[in-house]
Every structure is written in structure tokens, then in C-alpha cells.
Amino acid sequence: MTQPAVHVPASMRAEVKSLIVHRLRRAHRDPDSDHKHPVNQAHYDEATLGERLADQLSGALGSWPFIITQTSLMIVWVYFNVWGIFIAHWDPYPFILLNLVLSFQATYAGPIVLLAGNRQSQKDRITLEHAADESDKGEEHITRILTEIRKNTELTLQILGELEAEPT
Amino acid sequence: MSVESAVTTARERLASQHKHPVNQLFHDEATLGERVADKAASGIGSWWFLGIQSVFIAIWISLNTFEFLTHKWDVYPFILLNLAFTIQAAFTGPVLLLSGNRQAQKDRLRLEHTAEVAETAEKATLEILEEIERNTVATLQVLEHLRKRRAARGT
């Protein structure tokens, strides 16, 4: 009987690992791609209208274009109210209206942050529930393996008995 | 470059890189905007920032309240300081969301990685089970063979 070649399990093969990284990179840069994990599917692909809106809102408010636009508008506002010519200074120093506008933004930003946070914590809850299901499945597999090895050991012991009974 | 220093350089490079694929994609391959977002979030959310802000406020209020040799530019009720606070809050909100969005993205990526790994791990587990079953069949054949041999000898 020939010795079988060293057999690396599928999960440890290098090409499988690099394939996983390749797929992950694609998923990372394309948020609209279909998700593989059931929790991601439930969270993103099956989101309700309100949830999609919440994601888009927090995505838009927490983005560089928003921050850059806000900064530019602030600079323009202050510039026109201090050095603006051919234009009425609608909010002179100390810029009380600008203060109101920015307070208004902060008043909405707070709840939107919580909206996004609540959605994340909901996802965390589903993730744990899913992990519990998966853990049950893993236990079932381990039980099957253990049963099979026990059976194997019993047979080996019987063989030992047969060999011991043989006349030497 | 000597061999020894080449090895050391390689080690340093390895030490700075992440081992987990999600960390590699997320941190080592982050774009410029993402790197700046991480820096901004960790800058605002630090004791250094809180400390400097508190000192700054204390100095502002002191200079505008007590008699110093300086010109008072924002007397009680500190309207300009109020504007400064509002501007800080107006930027903190978006930066908070920026960092939160990035964390959510990482969570998404981590789950995708878990799904991939779970799939291959399940395959490996079934492979192990199959191999043990094959072993059981072989052991059974050995047993049968021994029994037949004993029967033929008539013991």
C-alpha cells in the first residue's frame, strides 16, 4: 500500500486564502455587491425603506464632501459679512445667524448619529444570534466526528482481541 | 546592504503589517481620505484634545472677564465663544459619523470574511469526517479478514 501524499485541508491552502482576500477586496470597494454572510444579507440587502434612508443619511453626513462643503460655505459666509462689497451684510460680526444655522445642523447630527448607532447595535444583536446558530452546527459536526472515532476505536480493540486469541 | 540588516528590515516591514485579511484591506490599503478620517477621529477623541480645549476655554473666559493688559474681544455673555463651540460641534458630528461609517464598513467586511472562512472550515470538517469513515471501513475489513482466517484454522 502506498503512503498517501500530505493532504492539506481546503481551508489551509494558500490559493483559497488569496481567493478569499480577492473577494473581500471587491466587496470592500463595492458596497452594493451581494453579501455572502446571512447577517450582512439581512442587514443591507433586505433593509426597509427607513433603514436604507438612515444609512444614506449617515453616509452623506459623515463624508468628506459634506465636511468640505460646510467649511467652504462657512468661509464664504464670514467673508461676505466682513469684507463683502456690493452686497448687504446680512449677518455682521459676531455672526449670530451663522451660529443658529450651525446649531441647527448639530441638533440634527446628534439624532442621526444615534440612528446609525442603533442600527449598528441591532446588527450586533443579529450577529450574535447567528453565531449561536453556527455554534450549534459546529457542535453537531464535532459530535459526528467523535462518534465515528469511537466506532473506529471499538473495531481496533476487537482486532486486538482477535490477534490475542490467535495461537502464537 | 548586509544580509543581517536586510533581514531586520524585512522583519520591521512585517511587524508593521496586519495579519488578518480584514485589517490588511481596511488599514494597510486605506485610501488617503480614509487615513485622514481615522486620524481626525482619533485626534478629536483623545484626552489631549479635551485638555487643550479646556485650557483654551479657561484662558478665553479669563482674558475677557478679569482685568488684564489685553483688549477684551468677547465680553460676557461670550457670543464669539458660543460660535466657536458651535463650529466645533458642527464638525464633531460629521467626523463622528465618518468614523462610525468606517467602523460599520469594517464590521461588514469582517462578517464577509467570517462567511468565507466558515465555508472552507465546514468543508475541512467534512473532509475529516469522510477520512475517519474511510478508516473505519478499512479497520472493519481487517477485522473481517482476521475472523475468516481464524474460522479457516478451525480454532
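The legends below describe close-up views of a predicted model with chains A and B.

**View 1. The largest nonpolar core draws on both chains.** Eight residues make up this core. Chain A contributes A:Leu61, A:Ala109, A:Ile112 and A:Ala116, while chain B contributes B:Ala37, B:Leu96, B:Leu97 and B:Leu98. Two elements give two or more residues each to the core: helix H5 (96-165) of chain A and helix H5 (79-153) of chain B. Apart from this core lies another, of six residues, with A:Leu24, A:Ala27, B:Phe26 and B:Leu109 among them.

**View 2. Contacts of B:Ala37, a residue of the largest nonpolar core.** With neighbours within four places in sequence left aside, B:Ala37 is in contact with B:Leu98, B:Ser99 and B:Arg102. One of these partners, B:Leu98, is also listed in the largest core.

**View 3. The contact between chain A and chain B.** Chain A brings 59 residues to the contact, and chain B brings 50 residues. On the side of chain B that touches chain A, helix H2 (21-28) and H5 of chain B each supply at least two residues. H5(B) gives the most to this side, with 46 residues. Sorted by class, the side of chain B that touches chain A holds 27 nonpolar, 14 polar and nine charged residues.

**View 4. Helix H5 of chain A along its length.** H5(A) consists of 70 residues. From the first C-alpha to the last, H5(A) reaches 102 Å, which is close to the 104 Å expected at 1.5 Å a residue. This helix is hardly covered, as six of its 70 residues are buried.

**View 5. The buried residues of H5(A) and what they pack against.** The residues of H5(A) that are buried are A:Asn99, A:Leu102, A:Ala109, A:Ile112, A:Ala116 and A:Thr127. Among them, A:Ala109, A:Ile112 and A:Ala116 belong to the largest nonpolar core. The buried residues of H5(A) pack against helix H2 (38-45) and helix H3 (49-61) of chain A, together with H5 of chain B.

**View 6. The surroundings of A:Asn81 in helix H4 of chain A.** Helix H4 of chain A covers residues 64-83 and includes A:Asn81. A:Asn81 counts as partly exposed because it has 18 C-beta neighbours inside 10 Å, whereas a buried residue would have 20 or more. Neighbours within four places in sequence aside, A:Asn81 is in contact with A:His89, A:Trp90, A:Asp91, A:Pro92 and A:Phe95. A:Pro94 lies 13 residues from A:Asn81 along the chain, and the C-alpha atoms of the two are separated by 9.9 Å.

Note on methods
Residues are numbered from 1 along each chain as its sequence is written. Chains are lettered from A and ligands numbered from 1 in the order in which they are written. This is a predicted model: local features need pLDDT of at least 70, side-chain atom pairs count only at pLDDT 80 or more; totals for chains, interfaces and linings use all residues. A nonpolar core is a set of buried Ala, Val, Leu, Ile, Met, Phe, Trp, Tyr and Cys residues joined through C-beta atoms within 7 Å. A residue is buried if 20 or more other C-beta atoms lie within 10 Å of its own, exposed if 12 or fewer, and partly exposed in between; C-beta atoms are placed from the backbone. Helices (H or I, at least four residues) and strands (E, at least two) are DSSP runs, numbered from the N terminus. Two residues are in contact if their C-beta atoms, placed from the backbone, lie within 7 Å. Ala, Val, Leu, Ile, Met, Phe, Trp, Tyr, Cys and Pro count as nonpolar, Asp, Glu, Lys and Arg as charged, and the others, Gly among them, as polar. The expected span of a helix is 1.5 Å times one less than its number of residues.
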